[in-house]
Amino acid sequence: MDGMERILITSAIPYINGIKHLGNLVGSQLPADLYARYQRGRGNEVMFLCATDEHGTPAELAAAKAGKPVAEYCAEMHDVQAEIAKGFCLSFDHFGRSSSPQNHALTQHFAGKLAEAGLIREVVEKQVYSNADGRFLPDRYIEGTCPNCGFEKARGDQCEECTKQLDPTDLINPRSAISGSTDLEVRETKHLYLCQSAMKDQLDAWIDSKADWPVLTTSIAKKWLHDGDGLQDRGITRDLVWGIPVKKGEDDWPGMEGKVFYVWFDAPIEYIACAKEWADANGKADAEWERWWRTDKGAEDVKYVQFMGKDNVPFHTLSFPATILGSGEPWKLVDHLKSFNYLNYDGGQFSTSQGRGVFMDQALEILPADYWRWWLLSHAPESSDSEFTWENFQQSVNKDLADVLGNFVSRITKFCRSKFGEEVPTGGAYGEQETALIQELTSRLRAYEQHMEAMEVRKSAQELRAIWVAGNEYLQSAAPWSVFKEDPERAAAQVRLGLNLIRFYAVLSAPFIPEASAKLMEALNSSDTEWPSDVAAALSALPAGHGFTVPEVLFAKITDEQREDWQARFSGTRD
RNA sequence: GGGCCUGUAGCUCAACGGUUAGAGCAGAGCGCUCAUAACGCUUUGGUUGCAGGUUCGAAUCCUGCCAGGCCUACCA
């Protein structure tokens, strides 16, 4: 066996203020899980981390709306999201929280190191304060009439009507978007800025070294690096209550009392802190998580892959690397960054605020996770935005899962039961037809592996489907139901191959459809999940005489009635 | 306003300057009867958004236009 690889995988961490929709899921967590399951299946050592992103204004507002203290709200929503993630079979090694004590300490540590390196400067600026809300208002939370076009719901940063960039003080009749209060005033407040501009060349060179990254990824990074005056320094603190208190390591930061770090400073650091949460939760020593993240403590041979939606790219290509590089400490930087476009819903966008589309909890209410996993992954928005329609979903799932794979399992197990009983039949031997099949499967398996390694999600799904189809083609041409009448021994060998194909499929398909895969393994009474690199050997794994049971219908079809029902139910507003 | 991305068969997508633009689904025909009215084989669909240009050769490169999307640094 080849040397085991070590692969660190993180998915963009979902924001805490509600249940995510399918577009969010397919943009990061789901493909990350596919990759994690595949790499584990290949026998590699995987650390797959995700968490909830809990700080920032929207979390506070969502908590207020729910009538709960923000800490309590976040704790509850974290549990809700964790439960749903489990429902989708997302196989995180740990699902952490950006509000964890571990992340508090680590975020403060990074800030301290950056300050020591002279990469943080203090800036006094003017911001709008709402007396009624008792808080500073980010520009987007101030509404008023656009001085340019007269649009009445222009935001403090930009008018959506005429797209003109605005300063909050430009607005006529400014009011708080939170309470509607017009009792606003401009106050001075001091904030910390991360001197990203000082690291521009270093970041630029680092991005240039990533020739194999998708255009989508590098072009966004390049834009930020070179547009206008180049990479700008970024504010990393906010005047909020909920968040990580501004400290220099363990020491207070004079003049910054009562302020917290900006959510986008602490959120990516949670990728690292999450590993410590994992170690702490499992009673492991620090060395156990540090060997994933510290290149001076064993992480030099780790391959680190990040998954995210395209909106997250600038933070992962610039801000977070700036934090890591600027610290001067040997933390692991990302090796490969896989970004996704958006999934649209039935001619428009999924919308959290309008409740348009299917949300993760609702999806699980109507169908098992595997249906969603298969459709979403086989239609992942890799090269451009992609489109969910109920018709397409119904057709793809029925055809691929029920007809091609599910029915294959059904026809071979039921035929065997009726002619040979519920055990792998004895007698006969594989011949030319079987050799040809093994050859085809071998070349398809190699293609599947390559696509999976390259994180080509759609192509992987296509190849896997072709592997399923090959089983039906074989049965059609071998026709054991005819052969049985003349030569039962030969038919026995054919059926034996068919049953072994089921196990082969279960192992290969597990990254996409883990629940169905587990059901198949159970029906086959097998726990041999070793990756079938040698196809010929894999197709003899279940020996003659091995008992099995005919599984229940693996995938029930989606009926037209169901489809119409769901189409109507999810078109409007979420209740 | 600026930047980037996308536009290919009825639908969802491939094709990365090089045969006759491919695949799955849908449609049509044939076969099979083990199976979830399932499976297999064959087959009909394309002026590659529009108009120019470069090239021996363009879906691919360039220019302009049209349509959609994303980002634009205080949403996260």
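Two strands count as paired when DSSP finds at least two bridges between them. Keep that in mind as you open this predicted model, since the tour starts with strands.

**Stop 1: a three-stranded sheet**

Select β6, residues 142-145, and then look for its neighbours. Two bridges link β6 to β7, and these two strands run antiparallel. To see one of the pairings, click Glu143: its bridge partner in β7 is Arg155.

Now turn to the other neighbour of β6. Three bridges connect β6 with β8, again in antiparallel fashion. Two residue pairs are good to highlight here. Ile142 stands opposite Ser176 of β8, and Thr145 has Ile172 in β8 as its bridge partner.

Show the three strands together and you have an open sheet with the order β7-β6-β8 and antiparallel pairing. Which strands are at the edges? They are β7 (154-155) and β8 (172-176), each of which pairs on one side only.

**Stop 2: a four-stranded sheet**

Next, colour β5, β4, β9 and β10. In that order they make up an open sheet of four strands, with antiparallel pairing. The edge positions belong to β5 (135-136) and β10 (234-235); each has a single partner strand, so one side of each has no neighbour in the sheet.

Zoom in on β9, residues 184-194, where two bridges tie this strand to antiparallel β10. Select Leu194 and you will find Arg234 of β10 standing opposite.

**Stop 3: two helices that cross**

Hide the strands and show helix α11 (residues 369-378) together with α14. At what angle do α11 and α14 pack? The angle is about 120°, and the axes are 8 Å apart. That angle makes α11 oblique to α14.

Show the side chains where the helices touch. From α11, pick Trp374, Leu377 and Ser378; from α14, pick Val457, Arg458, Ala461, Leu464, Arg465 and Trp468. Colour them by class and this contact shows six nonpolar residues, one polar residue and two charged residues.

**Stop 4: around the RNA**

Finally, select RNA strand B. How many residues surround RNA strand B? There are 57, and the closest are Gln127, Arg140, Ser383, Asn407 and Lys414. Sorted by class, the surface near the strand has 17 nonpolar, 19 polar and 21 charged residues.

Now look at the RNA side. Of the strand B atoms within 4 Å of the protein, 71% belong to sugar or phosphate, and the rest to bases.

Three individual contacts are waiting to be picked out:

- Phe555 has a backbone N or O atom 2.8 Å from a base nitrogen of RNA strand B.
- Asp139 has a polar backbone atom 3.2 Å from a base oxygen of RNA strand B.
- Arg238 places a polar side-chain atom 3.3 Å from a sugar or linking oxygen of RNA strand B.

Step back to see which elements build this surface. Those giving two or more residues are α2 (57-66), β4 (120-130), α6 (215-226), α7 (263-281), β19 (386-388), α12 (390-420) and α14 (457-478). You have already met β4 in the four-stranded sheet and α14 in the helix pair. For a last selection, choose α12: this helix provides the largest share of the surface near RNA strand B, with 11 residues.

Methods: Residues numbered from 1 in each chain as written. Chains lettered and ligands numbered in written order. Predicted model: local features only at pLDDT ≥ 70, side-chain atom pairs only at ≥ 80, totals over all residues. Heavy atoms only, no water. Near = heavy atom within 4 Å. Polar contact = N/O pair within 3.5 Å; in protein donor to acceptor, adjacent residues only side chain to side chain. Nonpolar A, V, L, I, M, F, W, Y, C, P; charged D, E, K, R; others polar. Axes fitted to C-alpha atoms, helices over the stretch in contact; angles between N-to-C directions. Parallel < 35°, antiparallel > 145°, perpendicular 65-115°, else oblique. Contact = heavy atoms within 4.5 Å.
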